[in-house]
Structure formats: C-alpha cells, structure tokens
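Trainee: I am new to this structure and would like a close look at a single part of it. Could you take me through that part slowly, and then show me what lies around it?

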Amino acid sequence: MALKALDSEDITVDNTAGGVGFTEAKLEAAGVIRARCSVETAQIRTQTDPNVTLLAGSIGEIWNIGDKFIVTGGDDLRNFKAIRTGSTSGKLVVVYEGAG
C-alpha cells in the first residue's frame, strides 16, 4: 500500500511530567496509520507504554538530533509520549501518513 502525507506538525518536547504526545485531532484524521518523526534540536526520550509515566530519567528510547523514527499503529500513536533529557527542549518534526 502506498502512503502519502496527510498532515504534519512541529512538537516542542519539553520537561512536562509524563511527556508530550501527538496532537489528538491530527491522529483522528481519516486514514492516519503512522507518524514519521525527525528530531531537530535536542536529545529526547520516547515511550509508547501507557503504564509508564515518562520522566527525563525514566525508561524509554533515546533519540539524538538528526535521528528519524516511525510510530505505527493506533495504540502506539495514541500512547506516544516524548520528554527532553537535558535542560534544552527538543523539536520533533512529525509527518502523519496514511493510505494514498
């Protein structure tokens, strides 16, 4: 199946306890099946486990400036959270993709 970009956004990844997620309204758009992400300004930590409260020093995957990753599937998209690891907020560029 070919995918096409349906929407996009820049997310500021700060030190909000529990992390910041994707914008719910963008996820609810018809046909969104994955988010293609690029880390632009500072190291971040991500988690998709709804049972984990994301903190800067908690478990999760570390992403550095220039890293790219994809989040796929409804549950992971809804449960995705990101938090900065240091004193500088990160910028996460997200392209939401779906059936084309």
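How many aromatic pairs does the count come to?

Mentor: The model is a predicted one, and the count comes to four aromatic pairs. One of them is formed by Phe22 and Tyr96, an edge-to-face pair with 5.7 Å from centre to centre and 85° between the planes. This pair links distant parts of the chain, since Phe22 sits in the loop between strand 1 (3-13) and helix 1 (24-27), while Tyr96 belongs to strand 7 (residues 90-99), 74 residues apart. With a relative accessibility of 8%, Phe22 counts as buried because the cut-off for that word is under 20%, and Tyr96, at 0%, is buried as well. Both rings belong to one aromatic cluster, made up of Phe22, Trp63, Phe69, Phe80 and Tyr96.

From the cluster we can follow Phe69 into its strand. In strand 5 (residues 68-72) the side chains alternate, with Phe69 and Val71 pointing to one face and buried, whereas Lys68, Ile70 and Thr72 point to the other face and are not buried. This fits a general pattern, in which the side chains of a regular strand alternate between the two faces of the sheet. Strand 5 pairs with strand 2 (residues 32-39) in the antiparallel sense, over five bridges, and within that pairing Phe69 is the bridge partner of Cys37.

Strand 2 also holds Arg36, which is partly exposed, with a relative accessible area of 38%. Leaving aside neighbours within four places in sequence, Arg36 is in contact with Phe69, a member of the aromatic cluster, and with Ile70, Val93, Val94, Val95 and Glu97. For Glu97 there is also a polar contact, at 2.9 Å, between its side chain and the side chain of Arg36. Arg36 and Val94 are 58 residues apart in sequence, yet their C-alpha atoms are 5.6 Å apart in space.

Returning to Tyr96, we find that another residue touches it, namely Lys26, whose place is in helix 1. Lys26 counts as buried, at 19% relative accessibility, because the limit is under 20%. Not counting residues up to four places away in sequence, Lys26 touches Asp7, Ser8, Glu9 and Val32 as well as Tyr96, and a polar contact of 3.2 Å joins its side chain to that of Asp7.

A further sheet deserves a look. Three strands form an open sheet in the order 4-3-6, with antiparallel pairing. Strand 4 (61-63) and strand 6 (81-84) stand at the edges, each with a single partner strand, so one side of each has no neighbour in the sheet. From one strand to the next, the twist averages 30°. Strand 3 (residues 44-47) pairs with strand 6 over four bridges in the antiparallel sense, and Ile44 stands opposite Arg84 of strand 6.

Finally, a word on confidence. The protein chain has a mean pLDDT of 92, and 97% of its residues reach 70 or more. Confidence in the protein chain is lowest in helix 1, at a mean of 93, and highest in strand 5, at 98. As a general caution, predicted coordinates should not be read in detail where pLDDT is low.

How values were computed. Residues numbered from 1 in each chain as written. Predicted model: local features only at pLDDT ≥ 70, side-chain atom pairs only at ≥ 80, totals over all residues. Heavy atoms only, no water. Phe/Tyr/Trp six-rings, centres within 6.5 Å; stacked < 30°, edge-to-face > 60°. Helix = DSSP H or I, 4+ residues; strand = E, 2+ residues; numbered from the N terminus. Buried < 20%, exposed > 50% of the residue type's maximum accessible area, 1.4 Å probe, protein only. Pairing = 2+ DSSP bridges. Axes fitted to C-alpha atoms, helices over the stretch in contact; angles between N-to-C directions. pLDDT = per-residue confidence, 0-100. Polar contact = N/O pair within 3.5 Å; in protein donor to acceptor, adjacent residues only side chain to side chain. Contact = heavy atoms within 4.5 Å.
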